[in-house]
Structure formats: C-alpha cells, structure tokens
Amino acid sequence: MVGVVTGPGSDRAREEDVAFMRRALSLAESGLGLASPNPMVGAVIASHGAIVGEGWHEGPGTPHAEVMALGRAGGKARSSTLYVTLEPCSHHGRTPPCAPAVARAGIARVVAAMRDPNPVVDGRGFDQLRAAGVNVEEGLLGPEAARLVAGFAKHSLTGRPFVTLKMAASLDGKVAARDGSSRWITGEAARMDVHRLRAASDAIVVGATTALADDPALTVRLPGFRGRQPLRVLADGTGRVPAAGSLFDGAAPTLVATTPEGAGRAREAWEGAGAEVLVLDEAAGDRLPLDRLMEALGKRDVQTVLIEGGPTLAWSAVHEGIVDRLVLYLAPKLIGGAASPGILGGDGVQAIAGALPLTISDVTTIGNDLKVVADVHRDR
C-alpha cells in the first residue's frame with residue numbers, strides 16, 4: 001500500500017505540499033459537467049513556495065491539466081514541483097501523453113494524489129517519470145482525489161456507472177406528508193446543493209410516480225454553470241407518464257427506460273416528443289431491471305448516475321444492489337404518521353442482519369438542513 005510521502009524538509013514543506021494539492025483539487029472541480037467521460041483533474045506547478053502555473057481538464061480533446069499548467073508556467077517549470085490530482089497519463093488518446101511532456105519540461109518533482117485507476121495507465125505514467133529522473137511521490141490527499149474521480153474509476157474497472165442515491169426527508173425520515181405533498185421539505189441552500197450533485201452527474205434517473213407528482217425538470221440551474229446538462233432518464237415500466245411536461249421540454253436530452261409493455265403503450269408519443277426510448281427486454285412484467293439499465297448506461301459512457309426518485313425507485317435501487325453512495329438531506333421538521341411515506345418503500349429487509357451496511361463519510365449543515373453522505377459496503 002502506498003503511503004503519503006512529502007519529500008525532504010520540515011513541517012512547513014509538508015504544509016506547502018498540502019496547500020498546493022488542495023489548490024489542485026479545487027482546480028479539478030472547474031471541469032464539473034465538462035470533463036466526462038474523462039476524469040476531473042487539477043494541476044499546480046510551484047517553485048520556491050509560489051505558484052508559477054496551474055490548470056485543469058475541461059474534457060475530451062482539450063489539454064490535460066498538466067499540459068495547461070506547463071503552458072502557463074513556461075520556462076519557470078524547470079526544476080519545480082508539479083502537484084496533480086491524478087497520475088499523468090502515459091498513452092496516446094485524443095491528446096498526446098502527459099508524462100513525457102512533464103519530463104521534457106524539466107519538472108524535478110511530481111506529487112500526485114492518486115494512481116490512475118484506468119488499467120491502461122495504472123502506474124505506467126509514474127514509471128515513465130521515474131525513468132526520466134523525476135522524483136515521484138503519490139498518495140497526498142488521495143481520498144479527496146478519489147472522490148472526484150469515483151465515476152471514472154468504477155467505469156474504468158467495471159464498465160458500469162457509479163450510482164448516487166439522493167433523498168430528502170424530515171428528521172423522522174418522511175419524504176412527504178400524508179396528503180402526498182413534499183415541496184419543499186428542505187431549504188433553498190440544500191436544493192442548490194442538489195444542483196451541484198446534478199452537475200457532477202452524467203445522468204439523472206427518476207421514476208414514473210415522481211415524474212407524475214412533481215413534473216421535475218432534472219436540469220442543472222447553477223449560476224454560471226458552463227457544463228453539459230445531464231441525460232434525464234425516466235424509468236417508466238408501464239407507459240404511465242405522458243409525453244409532456246418538463247422532462248420533454250428539450251432543455252436536456254431525455255431517455256425513457258421501459259418494458260415491452262410500456263413501450264407498446266407510449267413509445268410513439270415519447271419518441272414524437274424527442275425522447276429516446278430504451279426497451280429493457282429482460283423486464284419481468286412491468287418491473288424495470290435497474291441493474292440492466294445501469295449496464296446499458298455504462299455502455300453509453302455514462303460514468304456517474306444520480307437517482308432522484310421516490311421511495312419505490314429508491315428501494316428498488318438498494319434492493320438490486322446498484323447504489324454506491326447515499327446523499328441524504330434531513331430537514332429540521334417532524335411529519336410523523338404511519339401513512340406518510342418514508343425514505344425507502346418496498347418490502348424492506350426481514351431482519352436487521354439483512355440491512356445494507358454503510359460508512360458515513362461526511363455530515364455537514366447546509367442552511368438549516370443536515371447533509372449526510374454515506375458509502376455502501378460492497379465488493380465491487
């Protein structure tokens with residue numbers, strides 16, 4: 001296992017390393033909604049404690065973060081340190097490899113947050129740099145970097161997208177009142193944070209019940225957002241959702257995932273409204289196999305999926321084992337009532353021993369609400 005190596009020097013040197021890597025991580029997020037299907041990567045070049053160049057990756061065909069940083073640093077790159085959130089690539093894709101460019105520029109030291117999970121790279125970039133005499137250190141702020149490229153990593157290794165299940169509920173776990181009303185359980189700050197989750201997603205999945213009840217647009221509405229709108233995926237196994245409303249407004253591409261039964265009822269109308277229709281022939285009756293849907297999305301280079309459905313879709317996602325991360329927004333409200341729906345519907349587990357184990361990775365307050373992020377324990 002690779003540990004954090006900070007190189008020679010004092011506590012101050014380590015503090016500088018951490019500060020420059022945090023800047024690189026921040027720069028990586030500039031590729032939000034742009035970089036996919038490539039990973040978000042940030043790079044900083046520093047010399048004598050000062051930044052001389054920095055960059056980030058904005059997507060296929062554009063310069064990689066390291067190349068952008070080298071261009072801005074110019075001759076000042078020689079004998080300096082490159083801080084990068086992901087191992088410099090070693091292969092020709094749409095652009096030339098970065099590792100040789102870094103070595104040619106005279107970079108003396110490379111501090112990388114993590115190794116590239118793509119089997120095509122996976123250490124080869126580091127090997128090329130070391131062979132050229134560059135001092136390479138890896139592992140600094142690795143967990144933070146890994147969260148930025150979780151979708152890229154899972155897709156590279158499995159061909160499937162990384163799935164985040166987002167739910168909003170009262171403090172007692174209710175997603176709606178007894179009459180079905182749910183807007184707005186959380187406050188504006190939490191709702192804006194959801195738009196950041198959308199911006200980081202290649203596709204957003206919603207179920208038929210939620211589509212009918214809420215007419216969601218499922219678009220990113222962040223001030224100054226420059227990225228692509230995610231693919232909107234409507235999961236409707238019975239053809240209940242009419243080809244009208246916000247999902248069919250043309251503001252973003254829409255894919256309707258359905259069964260042969262649902263397609264027979266509504267396919268013509270959906271396609272007439274500009275949506276693509278995906279018929280999952282593996283469906284049992286009107287039940288959509290979400291596992292097969294994720295497989296199909298992965299083949300389309302969808303690397304990150306956000307599920308914004310209601311309790312029924314949420315339980316199906318959990319039950320079928322497709323969820324990698326849970327993001328739960330809890331509002332300081334109590335709703336109560338056995339008839340008020342909770343976060344998860346379905347049958348639930350029969351015994352506590354069958355509960356899905358999670359690791360809570362972050363708990364923060366957003367406005368008046370609480371945001372809980374938990375990762376799923378599963379051998380992938």
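Let me start with one residue, Ile-107. Setting aside neighbours within four places in sequence, Ile-107 is in contact with Ile-45, Leu-70, Ala-77, Ser-80, Leu-82, Val-102 and Val-134. Please keep in mind that this is a predicted model.

Where does Ile-107 belong? The largest nonpolar core has 45 residues, and Ile-107 is among those with the most contacts inside it, together with Met-21, Ile-45, Leu-82 and Val-110. Helix H1, residues 11-28, gives this core its largest share, seven residues. Apart from this core lies another one, of 36 residues, including Leu-293, Trp-315, Leu-330 and Val-372. I will come to that second part of the model later.

First, the strands around Leu-82. Leu-82 sits in strand E3, residues 81-84, and both faces of this strand are covered. On one side Thr-81 and Tyr-83 are buried, and on the other side Leu-82 and Val-84 are buried. Strand E1, residues 42-47, is joined to E3 by four bridges, and the two run antiparallel. Within that pair, Val-44 has Tyr-83 of E3 as its bridge partner. E3 is also joined to strand E4, residues 109-112, again by four bridges, but here the strands run parallel. Val-84 stands opposite Ala-112 in E4.

Two loops next to E1 have unusual backbone values. In general, most residues other than glycine have a negative phi, and most peptide bonds are trans. In the loop between H1 and E1 we find Pro-37. The peptide bond joining Ser-36 and Pro-37 is cis, with omega at about 10 degrees. His-48 is found in the loop between E1 and strand E2, residues 50-56. Its phi is positive, near 55 degrees, and His-48 is not a glycine. His-48 counts as exposed because its relative accessible area is 84%.

Next, the cysteines. How many disulfides does a search of the whole structure find? Zero. A disulfide is a covalent bond between the sulfur atoms of two cysteines. Take Cys-89: the closest cysteine sulfur is in Cys-98, at 3.7 Å, which is too far for a bond. The cut-off for counting a disulfide is sulfur atoms within 2.5 Å. Both residues are buried: Cys-89 has a relative accessibility of 8%, and Cys-98 has 1%.

Now the open sheet. It has nine strands in the order E10-E9-E8-E7-E11-E6-E12-E14-E13, with mixed pairing. Why is one side of E10 and of E13 left without a neighbour in the sheet? Strand E10, residues 276-279, and strand E13, residues 358-366, stand at the edges, and each has a single partner strand. On average, neighbouring strands of this sheet are turned by 20 degrees against each other, ignoring direction. One pair in the sheet is E12, residues 325-331, with E14, residues 369-376; they pair in the antiparallel sense over six bridges. There, Val-327 stands opposite Val-373 in E14.

Helices lie against these strands. Helix H10, residues 290-299, packs on the sheet and touches E6, E7, E8, E9, E10 and E11. The direction of H10 makes about 155 degrees with that of E8. Helix H7 lies across E6, E7, E11, E12, E13 and E14, and runs at about 165 degrees to E12. His-195 lies in H7, which spans residues 188-199. Is His-195 buried or exposed? At 10% relative accessibility, it counts as buried. Not counting residues up to four places away in sequence, His-195 touches Thr-219, Val-220, Arg-221 and Leu-222.

Strand E6 contains Val-163. At 1% relative accessibility, Val-163 counts as buried. The C-alpha atoms of Val-163 and Met-294 are separated by 8.6 Å, although the two residues are 131 residues apart along the chain. Met-294 is also one of the residues in contact with Val-163, and so are Val-305, Ile-307, Ile-322, Val-323, Asp-324 and Arg-325.

Last, helix H11, residues 311-319. Its buried residues include Leu-313, Trp-315 and Val-318. What covers the buried residues of H11 includes E6, E7, H10 and E11. Just after H11, Gly-321 takes a positive phi of about 75 degrees. A positive phi of about 50 degrees is also found at Asp-215, which is not a glycine. Asp-215 lies in the loop between helix H8, residues 208-214, and E8. With a relative accessible area of 38%, Asp-215 is partly exposed.

Definitions and conventions. Residues numbered from 1 in each chain as written. Predicted model: local features only at pLDDT ≥ 70, side-chain atom pairs only at ≥ 80, totals over all residues. Heavy atoms only, no water. Buried < 20%, exposed > 50% of the residue type's maximum accessible area, 1.4 Å probe, protein only. Contact = heavy atoms within 4.5 Å. Pairing = 2+ DSSP bridges. Axes fitted to C-alpha atoms, helices over the stretch in contact; angles between N-to-C directions. Core = buried A, V, L, I, M, F, W, Y, C linked by side-chain atoms within 4.5 Å.
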